[in-house]
Amino acid sequence: PSAPNSNGGDVVQDEFDPCDVDAVCGEAKSLGRELLDYTRTKNWKKKVMTIIVIFCSVSVFTDLLFFGNIQKLLVAFIEWMAVNEGAALFAFIGLFIIATLIFVPPGF
């Protein structure tokens with residue numbers, strides 16, 4: 001089918017072919033295989049950083065669910081900040097800068 005465009009000509013609209021999408025036609029790779037193919041093209045530095053970020057994320061999540069050590073450290077830091085207001089300002093800014101730099105995506 002065709003429809004007129006703003007210039008007066010006809011625009012041909014393509015029909016959607018569901019077999020263009022791999023998952024619909026059963027040709028999809030598993031997620032693990034897709035990730036392996038994706039990481040093959042990356043250099044070793046990005047691979048190491050990805051592993052470190054995944055390890056840290058799993059560690060924090062595990063601590064959050066089972067141990068609570070990070071929560072205790074954060075509460076102690078907040079209590080220290082209440083007592084040492086001047087130094088706490090710089091400590092908080094430094095902690096914020098470090099946290100921001102750690103979680104910058106590796107592509108940038």
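How many helices and strands are there in the chain? Here are some notes to help you find your way around.

1. First, a reminder that what you have on screen is a predicted model. As for the opening question, the chain has 4 helices and 2 strands. Going along the sequence, you meet them in the pattern β-β-α-α-α-α.

2. Next, burial and contacts. Of the 108 residues in the chain, buried ones make up 3%. If you take the contacts with a separation of 6 or more, 6% of them are between residues 24 or more positions apart. The accessible surface of the chain comes to about 9,600 Å², and carbon and sulfur atoms account for 69% of that.

3. Now have a look at helix α4, residues 85–102, which is where Phe96 lies. Phe96 is one of the residues behind a nonpolar surface patch of about 770 Å². Its partners in that patch are Leu89, Phe90, Phe92, Ile93, Ile97 and Leu101. Is Phe96 buried or exposed? Phe96 counts as exposed because its relative accessibility is 53%, and the cut-off for exposed is over 50%.

4. On to charges. Side chains of opposite charge can pair when their charged atoms come close. In this model the count comes to 1 salt bridge. Which side chains meet in it? They are those of Arg40 and Asp37, at 2.9 Å from N to O.

5. It's worth seeing where that pair sits. Arg40 and Asp37 both belong to helix α1, residues 31–40. They are 3 residues apart there, so about one helical turn separates them. The two partners also get their own accessibility labels: Arg40, at 56% relative accessibility, counts as exposed, while Asp37, at 24%, counts as partly exposed.

6. Finally, the pockets. Rolling a probe the size of a water molecule over the atoms shows where empty space is left. The largest pocket here has a volume of about 320 Å³. It is lined by 13 residues, and the closest to its centre are Ile70, Leu74, Leu95, Ala99 and Phe103. Which elements give two or more residues to that lining? They are α2 (44–67), α3 (69–83) and α4. Of these, α4 gives the most, with 6 residues. If you've already located α4 through Phe96, you can use that helix to find the pocket as well.

Note on methods: Residues are numbered from 1 along each chain as its sequence is written. This is a predicted model: local features need pLDDT of at least 70, side-chain atom pairs count only at pLDDT 80 or more; totals for chains, interfaces and linings use all residues. Side-chain values use heavy atoms; hydrogens and water are left out. Buried means under 20% relative accessible area, exposed over 50%, partly exposed in between (1.4 Å probe, protein chains only). Contact means heavy atoms within 4.5 Å. Accessible areas come from the Shrake-Rupley method with a 1.4 Å probe; for residues, only the protein chains shown count as cover. Patches are made of residues with over 30% relative accessible area and no salt bridge: like charges are joined within 9 Å, nonpolar side chains (Val, Leu, Ile, Met, Phe, Trp, Tyr) within 5 Å. A salt bridge is a side-chain nitrogen of Lys or Arg within 4 Å of a carboxyl oxygen of Asp or Glu. On a 1 Å grid over the protein atoms alone, a cavity is a set of points where a 1.4 Å probe fits but cannot get out, and a pocket is an open set with protein on both sides within 12 Å along at least five of seven lines; lining residues have an atom within 4 Å of a point. Grid points are joined across faces, edges and corners, and a volume is the space filled by probe spheres set on the points.
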